[in-house]
Amino acid sequence: MYEYICYCDKVTKGDIISAVFGGAKTLKEVTAVIGAMTHSNCKENNPKGVCCENDIMELIKEYS
Ligand code: FES
C-alpha cells in the first residue's frame with residue numbers, strides 16, 4: 001500500500017520529491033505539477049483529518 005501525502009488526490013511522497021527534483025520550488029508549483037490539493041475533502045480522506053498542505057511544505061523544505 002502506498003503512503004500517500006495527499007489522500008484526496010492519491011499523491012505519494014515520491015511524487016512530491018520528484019516534482020521538487022524536477023524544479024518545482026513552491027507549494028503552488030508542486031501542486032500544479034502533481035495535481036495535489038485539487039479534490040480537497042481532507043476530513044474524510046486524510047487519516048490525519050486535515051489538509052496535506054503542511055506535509056507538502058515540509059517535503060519541499062527537506063528536499064529543496
Ligand atoms: S489530503 Fe491533500 S487535499 Fe486533502
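Colleague: Which helix is Thr31 found in?

Modeller: This is a predicted model. In it, Thr31 belongs to helix α2, residues 27-34.

Colleague: Why is Thr31 called buried?

Modeller: Its relative accessibility is 15%. Buried means under 20%, so Thr31 qualifies.

Colleague: What is Thr31 in contact with, leaving aside neighbours within four places in sequence?

Modeller: Ala36, Met37 and Ile56. Contact here means heavy atoms within 4.5 Å.

Colleague: How do the axes of α1 and α2 cross?

Modeller: Helix α1 covers residues 13-21. Its axis comes within 9 Å of that of α2, and the two cross at roughly 115°. The crossing is right-handed.

Colleague: Which residues meet where α1 and α2 are in contact?

Modeller: From α1, Asp15, Ile16, Ala19 and Val20. From α2, Val30, Val33 and Ile34. By class, that contact has six nonpolar residues, one charged and no polar. Asp counts as charged, while Ile, Ala and Val count as nonpolar.

Colleague: How many disulfides does a search of the whole structure find?

Modeller: Zero.

Colleague: What makes you say that Cys51 is in no disulfide?

Modeller: The nearest cysteine sulfur belongs to Cys42, 4.1 Å away. A disulfide needs the two sulfur atoms within 2.5 Å, so Cys51 is in none.

Colleague: Why is Cys51 called partly exposed?

Modeller: Its relative accessible area is 30%. Partly exposed lies between the 20% and 50% cut-offs, so the label fits Cys51.

Colleague: And Cys8, buried or exposed?

Modeller: Buried. Cys8 has 14% relative accessibility, and the cut-off is under 20%, so Cys8 counts as buried.

Note on methods:
Residues are numbered from 1 along each chain as its sequence is written. This is a predicted model: local features need pLDDT of at least 70, side-chain atom pairs count only at pLDDT 80 or more; totals for chains, interfaces and linings use all residues. Side-chain values use heavy atoms; hydrogens and water are left out. Helices (H or I, at least four residues) and strands (E, at least two) are DSSP runs, numbered from the N terminus. Buried means under 20% relative accessible area, exposed over 50%, partly exposed in between (1.4 Å probe, protein chains only). Axes are lines fitted to C-alpha atoms, for helices over the stretch in contact, and angles run from 0 to 180 degrees between N-to-C directions. A crossing is left-handed if the near helix is turned anticlockwise from the far one by less than a right angle, and right-handed if clockwise.
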